[in-house]
Amino acid sequence: MSQELMSHHPIKNTVDFEVWHSVADLIGRLAGKHCEIVLHDLADPVHSVIYVVNGHVTGRAVGQGFRHLVVEMLRNEAQNPEKDLLDDWWFEHEGKLIRSMTLLIRNAKGELAGALCVNQDVTFANQAFDVLKSLLPGLAGTKVDIHAPSQSIDLPQDNAAPAKHEDARETVLQTVFRLIDGIAKDARPEGQILSRSERLKVLEYMDSREVFLVKGSIERAAQALGISKVTVYSDLDALHRQKNKSS
């Protein structure tokens, strides 16, 4: 592991999130009850959700962690790396079709401090569109892309170098490493060694948040948890085999 990667510090936010509460309220009032707004403070990635409007849409609540953020950022990095307003993200939740958009919130140093996510239930609109497609055959080829990435994405390791200027933007690789560090710190605040069952819970959480789609994240998780890379691979393999048996 390079010295540059080891020098990363936890996210320290200088963002006034109280201002974003009003923004969330505004969007909720404008868009109505089928639109959920979720505000994240990524200083605590395991409990990043700090404010929610219309949480009934996907069940989001204060104290929960982020879900699709890493994958959305990775896709954005490949297509529009300079944009903090991420492209539409579509997913299904309890039979509902959700259109999601995310605005990344950065601090004065360009580090990713938080995110404002808008989840809109478009199930009824999609059903109406199906009716229109039956009436207007020219629309029949239109299809919503439900995202389900499963392959590791290789980001240039140079992205992990610390920013040289105050206004430099933090890269996706740096952000993911910070999230891994934050999750590990939540599990072992005093740096204690975790039992295997405790360790599996932490790795399962990281895996469910898809941080391991980024190459280099296995090594980072091993460093953050004070274990070997081989142990992380072994634990993840055990988790995947258990998941396949139960599915």
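Two strands count as paired if DSSP finds at least two bridges between them, and with that in mind we can start from one such bridge in this predicted model, where V38 has C117 in β5 as its bridge partner. That bridge belongs to a wider pairing, since strand β1, residues 35-41, and strand β5, residues 112-121, run antiparallel and are joined by seven bridges.

Let me widen the view to the sheet. As a general point, strands of a sheet pair through backbone hydrogen bonds, either parallel or antiparallel. Here, five strands form an open sheet in the order β2-β1-β5-β4-β3, with antiparallel pairing. What is left without a neighbour in the sheet at β2 and β3? Each of these two strands, β2 at 49-53 and β3 at 89-93, stands at an edge with a single partner strand, so one side of each has no neighbour in the sheet. If we ignore direction, neighbouring strands of this sheet are turned against each other by 25 degrees on average. Across β1, β2, β4 and β5 lies helix α2, residues 17-31, which runs at about 170 degrees to β1.

Next come the spaces inside the model. There is one cavity of 30 Å³ or more, and the largest cavity has a volume of about 150 Å³. Of the 14 residues that line this cavity, the closest to its centre are R60, R67, H68, C117 and N119, so to speak of C117 again, we met that residue as the bridge partner of V38. The elements giving two or more residues to the cavity lining are β1, α3, β4 and β5, and the lining divides into five nonpolar, six polar and three charged residues.

The largest pocket, by contrast in topic, has a volume of about 380 Å³. Two elements give two or more residues to its lining, α6 at 196-208 and α8 at 229-246. Which of the elements gives the largest share of that lining? The answer is α8, with seven residues. Among the lining residues of this pocket are E204, D207, Y233, H240 and K243, and by class the lining has five nonpolar, four polar and three charged residues.

Finally, a word on confidence. The mean pLDDT of the chain is 86, and 82% of its residues reach 70 or more. Over residues 1-9, however, the pLDDT is below 50, although this stretch has 20 contacts in the model beyond near neighbours in sequence. Residues 161-165 also stay under 50, with seven contacts beyond four places in sequence. Where pLDDT is low, the predicted coordinates should not be read in detail.

Definitions and conventions
Residues numbered from 1 in each chain as written. Predicted model: local features only at pLDDT ≥ 70, side-chain atom pairs only at ≥ 80, totals over all residues. Heavy atoms only, no water. 1 Å grid on protein atoms, 1.4 Å probe; cavity = no way out; pocket = protein on both sides within 12 Å on 5 of 7 lines; lining within 4 Å. Points joined across faces, edges and corners; volume = space filled by probe spheres on them. Helix = DSSP H or I, 4+ residues; strand = E, 2+ residues; numbered from the N terminus. Nonpolar A, V, L, I, M, F, W, Y, C, P; charged D, E, K, R; others polar. Axes fitted to C-alpha atoms, helices over the stretch in contact; angles between N-to-C directions. Contact = heavy atoms within 4.5 Å. pLDDT = per-residue confidence, 0-100.
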